[in-house]
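Student: Hi! Could you walk me through this structure?

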Amino acid sequence: MDGTVTVIDKGTVRIHSYMAPDDSLNVTTQLIETPARVIAVDAQYALACADEVVTYARGLGKPLDRVIITHAHPDHFHGAACFAAPVHALPAVRDQIAAQGDGQDPSGAVIPVADMTPTVEITPGTQVIDGVPFVFEAHHGGEAADELVIKLPEQGVLVAQDLVYHATHLFLGNNDIPGWTKAVDELAAEAADGAYDTVLAGHGLPAGPEVFDQLRRYLADAGELLGDDGEAYKQAITARYPDFGGPFLLDIGNQYLFGAPGAEIA
């Protein structure tokens with residue numbers, strides 16, 4: 001297996017967190033295993049990684065109930081069809097994915113937009129799935145224009161996806177550091193009140209609430225260092241965080257911010 005799987009046992013619920021390798025952006029798919037089914041959250045960028053996730057999920061011996069797409073960045077929805085399950089998303093996220101048209105896998109294969117577009121709308125609120133309460137929340141601004149956050153209150157788990165990166169460079173292409181900082185502060189306040197002890201990141205390994213302080217520092221540093229030269233920013237932020245993964249995410253962010261040379265995922 002090229003990816004890394006971390007298993008978190010929460011009694012009746014187990015989380016299998018699959019992180020793609022560095023060359024696939026360290027993007028993370030969460031497999032939430034309930035007593036009788038498996039719910040996937042986000043679907044990978046590279047189809048080969050999505051296939052790895054699906055093979056692992058099938059090995060759990062329970063049906064894949066659905067795949068939930070949290071936001072409209074291709075590294076989280078390209079592999080949706082690989083799961084052969086209903087694809088769920090907020091209406092705004094569905095519309096943003098549809099508007100992007102066909103995608104392209106790193107192998108060069110075209111991914112038809114119909115294969116990636118969610119067909120089941122998520123309404124914010126609490127939904128009980130297989131006896132487990134899932135709290136769906138819509139967030140606006142930050143890493144993406146619209147993002148879904150999922151909370152499992154009985155298990156103390158926050159599925160933050162791309163509002164949280166763990167030891168991985170941030171994609172700043174949405175150009176909204178203040179909005180991202182605000183979202184982090186709101187989530188951190190809930191953690192401080194003891195609402196959850198496990199934070200699942202959209203890029204990087206699972207973490208605890210301490211990840212919010214790391215994010216705050218990085219966002220503050222990014223606001224200080226980000227000027228009008230993408231390459232200078234990349235050099236400065238990687239010097240400050242030399243051990244962080246996903247440097248390719250900086251190139252992608254610079255493409256959006258400055259039109260600088262670099263690979264695109266959109």
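Tutor: Happy to; we can talk about the nonpolar core and then the salt bridges. This is a predicted model, where local features need pLDDT of at least 70, side-chain atom pairs count only at pLDDT 80 or more, and totals for chains, interfaces and linings use all residues. Residues are numbered from 1 along each chain as its sequence is written, and side-chain values use heavy atoms, with hydrogens and water left out.

Student: Cool. Which residues touch the most other members of the largest nonpolar core?

Tutor: Ile 32, Ile 69, Phe 83, Phe 134, Phe 136, Ile 150 and Leu 152, out of 46 residues. Such a core is a set of buried Ala, Val, Leu, Ile, Met, Phe, Trp, Tyr and Cys residues joined through side-chain atoms within 4.5 Å. Buried means under 20% relative accessible area, exposed over 50%, partly exposed in between (1.4 Å probe, protein chains only).

Student: OK, switching topic: how many salt bridges are there?

Tutor: The whole structure has 15, each a side-chain nitrogen of Lys or Arg within 4 Å of a carboxyl oxygen of Asp or Glu. In one of them, Lys 62 pairs with Glu 33 at 2.9 Å, N to O.

Student: Are those two buried or partly exposed?

Tutor: Glu 33 is buried at 7% relative accessible area, while Lys 62 is partly exposed at 22%. Both belong to a salt-bridge network with Arg 14.

Student: What does Lys 151 pair with?

Tutor: Glu 190, with N and O 2.6 Å apart. Lys 151 is buried, at 8%, and Glu 190 is partly exposed, at 27%.
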